[in-house]
Amino acid sequence: QVQLVESGGGLVQAGGSLRLSCAASGRTFSRDTIGWFRQAPGKEREFVASITWTGLITSYADSVKGRFAISRDLAKSTVYLQMNSLKPEDTAIYYCARRAPGGPFASWGQGTQVTVSS
């Protein structure tokens, strides 16, 4: 069983930066994918970015391309989401989740709040 814990959220002004962390414990596999999602008040949860544990494949939502960067540290079993040029519309609770090959995203973390003020 994999447990994921997010951290790094906070309050930042528009144009600022934050780095979120998703620390994994338990059994992980090199073919897994870790994804970041977010959910703003009154909206559905949406995909933000993902990365395979190998680091060879990354994917981004169009809304964050060029501003966010996902990376992973195998030694620390941690996936990072570097968020630059933040906008008020990036305000949301950010979650990470794990997906085994061919399966859905699961093992959701508790989330971390990101608030971007204008």
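Two strands count as paired when DSSP finds at least two bridges between them. With that in hand, let's walk through a sheet in this predicted model.

The sheet is open and holds four strands, arranged in the order β1-β3-β8-β7 with antiparallel pairing. At its edges lie β1 (2–7) and β7 (68–73), each of which pairs on one side only. From one strand to the next, the twist averages 15 degrees.

Now for β8, which covers residues 78–83 and runs antiparallel to β7, joined to it by six bridges. On its other pairing, β8 is linked to β3 (residues 18–26), again antiparallel and by six bridges. Is β8 mostly covered or mostly open? It is mostly covered, with five of its six residues buried.

Which residues of β8 face which partners? The table lists a few of them, starting with Ala-69 and its bridge partner Gln-82.

| Residue | Partner in β8 |
|---|---|
| Ala-69 | Gln-82 |
| Ser-71 | Tyr-80 |
| Leu-18 | Met-83 |

A word on the connection between β7 and β8: the two strands form a hairpin, and four residues lie between them. Within that turn, Ser-77 has a positive phi of about 50 degrees.

Put together, β8 is bridged to β7 and to β3, and in the sheet order β8 sits between these two strands. The β7 strand, by contrast, is an edge strand, and the hairpin turn leads from β7 to β8.

Terms used
Residues numbered from 1 in each chain as written. Predicted model: local features only at pLDDT ≥ 70, side-chain atom pairs only at ≥ 80, totals over all residues. Heavy atoms only, no water. Axes fitted to C-alpha atoms, helices over the stretch in contact; angles between N-to-C directions. Buried < 20%, exposed > 50% of the residue type's maximum accessible area, 1.4 Å probe, protein only.
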